[in-house]
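Good morning, and thank you for coming. I ask you to look at the sequence and the structure on the screen before I go through the helices.

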Amino acid sequence: MISIRNEKRYGLTLLILLAIVCVRAAYLRHWENTLDADEAVVGIMALHILEQKALPIFYYGQAYMGTLEQFSMALFFKLAGFHPEAVRWIPGTYFLLSLFLFFYVIRRYVYPNRFNLTLSFLIFPSLYSTIW
């Protein structure tokens, strides 16, 4: 049975999640319409994967970063076509998935009565976590 108190808490949680997504979306919307060098390399790797020119294990020029993002982007390009702005959609999707995982772990295991407070710290994240 859901009490009124729980309904208010989950309403606040949804409001916080909406604020997190809106702040990130507003920032990305006003970001330059050009890709930086790192994003361009990710897009090129995704195109190479899609064209089956290469199946890289590591990020081009590195020996330590994996290629999950590039393979995900190649699948997205195959389904929806190539667009430079789409290079930012895959990290955004992973951000949303990590946000819900963070919410679940905090609510379930860490601070079951204070997860809204903990979640609210993500409304205004660092610049790095906002653009990447």
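I begin with helix α4, residues 89-110, which has 22 residues and reaches 30 Å from its first C-alpha to its last. That is close to the 32 Å expected at 1.5 Å a residue, where the expected span is 1.5 Å times one less than the number of residues. Helices here are DSSP runs of H or I with at least four residues, strands are runs of E with at least two, and both are numbered from the N terminus. The buried residues of α4 include Ile-90, Phe-95, Leu-99, Phe-103 and Ile-106. By buried I mean under 20% relative accessible area, by exposed over 50%, and by partly exposed anything in between, with a 1.4 Å probe and protein chains only. As a reminder, an α-helix has 3.6 residues a turn, so residues three or four places apart point the same way.

A word on the source. This is a predicted model, in which local features need pLDDT of at least 70 and side-chain atom pairs count only at pLDDT 80 or more, whereas totals for chains, interfaces and linings use all residues. Residues are numbered from 1 along each chain as its sequence is written, and side-chain values use heavy atoms, with hydrogens and water left out.

Now the overall picture. The protein has 6 helices and 0 strands, and its pattern along the sequence is α-α-α-α-α-α. Of its 132 residues, 28% are buried. Contact means heavy atoms within 4.5 Å. Among contacts with a separation of 6 or more, 58% join residues 24 or more positions apart. The exposed surface is about 9,200 Å², and carbon and sulfur atoms supply 67% of it; these areas come from the Shrake-Rupley method with a 1.4 Å probe, and for residues only the protein chains shown count as cover.

I turn to the pair α2 and α3. Two packed helices are described by the angle between their axes and the distance between the axes. How do the axes of α2 and α3 cross, and at what angle? The axes of α2, residues 37-50, and α3, residues 68-80, come within 8 Å and cross at roughly 65°. The axes are lines fitted to C-alpha atoms, for helices over the stretch in contact, and angles run from 0 to 180 degrees between N-to-C directions. The crossing is right-handed: the near helix is turned clockwise from the far one by less than a right angle, whereas anticlockwise would be left-handed. On the α2 side the contact includes Val-42, Met-45, Ala-46 and Ile-49, and on the α3 side Gln-70, Met-73, Ala-74 and Phe-77 are among the residues involved. The contact residues divide into 10 nonpolar, 2 polar and 2 charged. Ala, Val, Leu, Ile, Met, Phe, Trp, Tyr, Cys and Pro count as nonpolar, Asp, Glu, Lys and Arg as charged, and the others, Gly among them, as polar.

Two residues of this contact deserve a closer look. Ala-46, in α2, is buried at 0% relative accessibility. Beyond its neighbours within four places in sequence, Ala-46 is in contact with Gln-70, Met-73, Ala-74 and Phe-77. Gln-70, in α3, is also buried, with a relative accessible area of 2%. With the same neighbours set aside, Gln-70 is in contact with Val-42, Met-45, Ala-46, Ile-49 and Tyr-59.

As for α3 itself, its 13 residues should span 18 Å at 1.5 Å a residue, and its end C-alpha atoms are 18 Å apart, which agrees. The buried residues of α3 pack against α2 and α4. After α3 comes Gly-81, with a positive phi near 90°.

Finally, the loops. Gln-52 lies between α2 and α3 and is exposed at 70% relative accessibility; its phi is near 60°, a positive value in a residue other than glycine. Phe-124 lies in the loop between α5 and α6 and is exposed, at 66%.
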